[in-house]
Amino acid sequence: MKRTIECLAILAMASAALPCAFGQTGNGADSAPPPDGVPQPGDAFVDALRSGGQGPEMVVVPAGRFRMGCVSGHDCIEFEHPVHEVAIERAFAVSRYEITFEDYGRFDASAETDDHGWGRGRRPVIDVSWTDAHDYVGWLSEQTGQRYRLLTEAEWEYAARAGSETAYAWGDEIGTDRANCEACGSRWDATRTAPVGSFEPNGFGLHDMHGNVWEWVEDCWNGRYFDAPFDGSAWLSGDCRARVIRGGSFNSPPQLLRSADRVKTETRTRSFSLGFRVARELP
């Protein structure tokens with residue numbers, strides 16, 4: 001409980017379908033659509049926007065099963081139990097990076113999202129509430145003719161783990177210069193956000209699942225995993241005035257960056273350490 005209060009204190013310091021474009025992706029990986037046009041696991045794509053330009057770069061994450069919760073045994077807390085198996089039965093796409101100021105600006109060029117003097121462009125958008133994130137995915141769906149949404153909590157942990165059962169996708173120790181946090185050994189530690197993609201991706205090709213900014217997910221808050229969905233869907237009962245945030249941020253201690261870590265946050269919260277990424281359903 002003390003750890004949760006400390007984390008919330010940190011947050012309180014701030015206030016019809018269009019074609020996909022496949023090809024050279026942001027991290028240099030060359031990806032092309034299969035003959036039937038349906039993206040396959042590992043493929044990267046962007047959707048065209050009706051208003052011009054492109055949506056965020058998306059990566060296809062495969063279907064699979066995993067154990068959700070604190071399976072590593074490192075820094076476990078009550079909110080991360082009981083450990084339970086979840087089946088993600090269909091592949092889905094996840095934004096390769098946290099949604100950036102550049103991405104968000106296509107939705108609302110006049111949005112009052114403060115960059116705190118750190119820069120905009122390819123830095124993750126911050127000072128966005130859960131409702132703001134929902135408005136963005138609604139706009140993105142209308143613009144592309146595809147169904148965009150926030151990740152469910154189970155999808156987020158599955159995507160962050162990328163097949164691992166360690167505290168972080170790369171192991172049980174935070175290491176040096178693998179992420180942006182309070183003691184991660186990066187040039188941005190505890191001072192500001194880093195441009196997206198500044199660190200190596202995980203096994204699914206996703207960047208910054210650990211650190212940089214906290215990420216909103218769809219689920220209502222529940223303090224334990226009793227009665228949690230086993231199919232990867234969003235948990236839409238419980239305290240729905242609050243939602244879950246995941247991943248930790250540039251000013252979080254390393255234990256808050258663990259794949260299993262989860263924090264309760266009111267939907268209206270806006271913070272310099274809080275952003276989001278998106279999911280997209282596939283045919």
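Which residues lie nearest the centre of the largest pocket? The legends below begin with that pocket and then turn to other parts of this predicted model.

**View 1. The largest pocket and its lining.** In this predicted model, the largest pocket is lined by 20 residues, and those that lie nearest its centre are Arg147, Arg149, Thr152, Glu155 and Glu281. The elements that give two or more residues to this lining are helix H3 (130-144) and strand S9 (148-150), and the largest share, 3 residues, comes from S9. When the lining of the largest pocket is sorted by class, 8 residues are nonpolar, 4 are polar and 8 are charged. The volume of the largest pocket is about 450 Å³.

**View 2. The largest cavity and the residues around it.** The largest cavity has a volume of about 70 Å³, and the residues that line this cavity are Met68, His84, Glu153, Ala154, Asp219, Tyr225, Ala228, Pro229, Ser233 and Trp235. By class, the lining of the largest cavity is made up of 6 nonpolar, 2 polar and 2 charged residues. Rolling a probe the size of a water molecule over the atoms shows where empty space is left.

**View 3. Helix H4, enclosed by the rest of the structure.** Helix H4 covers residues 153-161, and 9 of its 9 residues are buried, so this helix is largely enclosed by the rest of the structure. The buried residues of H4 are Glu153, Ala154, Glu155, Trp156, Glu157, Tyr158, Ala159, Ala160 and Arg161. Two residues of this helix also appear in the lining of the largest cavity, namely Glu153 and Ala154, while Glu155 is one of the residues that lie nearest the centre of the largest pocket. After H4 comes Ala162, whose phi is positive, near 50°.

**View 4. The largest nonpolar core and a second, separate one.** The largest nonpolar core has 33 residues, and the residues with the most contacts inside this core are Tyr104, Tyr136, Trp216, Phe276 and Val278. Two or more residues are given to this core by each of strand S5 (58-61), helix H2 (101-107), H3, S9, strand S10 (214-221) and strand S13 (274-276), and H3 gives the most, with 6 residues. A second, separate core of 27 residues includes Ile88, Leu151, Leu206 and Ala228. In soluble globular proteins, nonpolar side chains tend to be buried together.

**View 5. Aromatic pairs and a cluster of five rings named here.** A search of the whole structure finds 15 aromatic pairs. One of them is the edge-to-face pair of Tyr104 and Phe276, with 6.4 Å centre to centre and 80° between the planes. This pair links distant parts of the chain, since Tyr104 lies in helix H2 and Phe276 in strand S13, 172 residues apart, and both Tyr104 and Phe276 are buried. Another aromatic pair, formed by Tyr136 and Trp139, is tilted, with 5.8 Å centre to centre and 35° between the planes. Tyr136 and Trp139 both lie in helix H3, 3 residues apart, which is about one turn of the helix, and both of these residues are buried. One aromatic cluster is formed by Tyr104, Phe107, Tyr136, Trp139 and Phe276.

**View 6. Strand S4, covered on both faces.** In strand S4 (44-47), Ala44 and Val46 on one side and Phe45 and Asp47 on the other are all buried, and both faces of the strand are thus covered. S4 pairs with S5 in the antiparallel sense over 2 bridges, and Ala44 stands opposite Val59 in S5.

**View 7. Gln40 in the loop before strand S4.** Gln40 has its place in the loop between strand S3 (30-31) and strand S4. With a relative accessible area of 35%, Gln40 counts as partly exposed because this value falls between the limits of 20% and 50%. Gln40 and Pro62 are 22 residues apart in sequence, and their C-alpha atoms are 7.8 Å apart in space.

**View 8. Strand S12, with one covered and one uncovered face.** Strand S12 (residues 263-266) has Val263 and Thr265 on its covered face, whereas Lys264 and Glu266 are on the uncovered one. Strand S11 (residues 239-246) and S12 run antiparallel and are joined by 4 bridges. Glu266, from the uncovered face of S12, is the bridge partner of Ala242.

Methods: Residues are numbered from 1 along each chain as its sequence is written. Side-chain values use heavy atoms; hydrogens and water are left out. Buried means under 20% relative accessible area, exposed over 50%, partly exposed in between (1.4 Å probe, protein chains only). Two strands pair if DSSP finds at least two bridges between them. On a 1 Å grid over the protein atoms alone, a cavity is a set of points where a 1.4 Å probe fits but cannot get out, and a pocket is an open set with protein on both sides within 12 Å along at least five of seven lines; lining residues have an atom within 4 Å of a point. Grid points are joined across faces, edges and corners, and a volume is the space filled by probe spheres set on the points. Ala, Val, Leu, Ile, Met, Phe, Trp, Tyr, Cys and Pro count as nonpolar, Asp, Glu, Lys and Arg as charged, and the others, Gly among them, as polar. A nonpolar core is a set of buried Ala, Val, Leu, Ile, Met, Phe, Trp, Tyr and Cys residues joined through side-chain atoms within 4.5 Å. Rings of Phe, Tyr and Trp (its six-membered ring) pair if their centres lie within 6.5 Å; planes under 30 degrees apart count as stacked, over 60 as edge-to-face and the rest as tilted.
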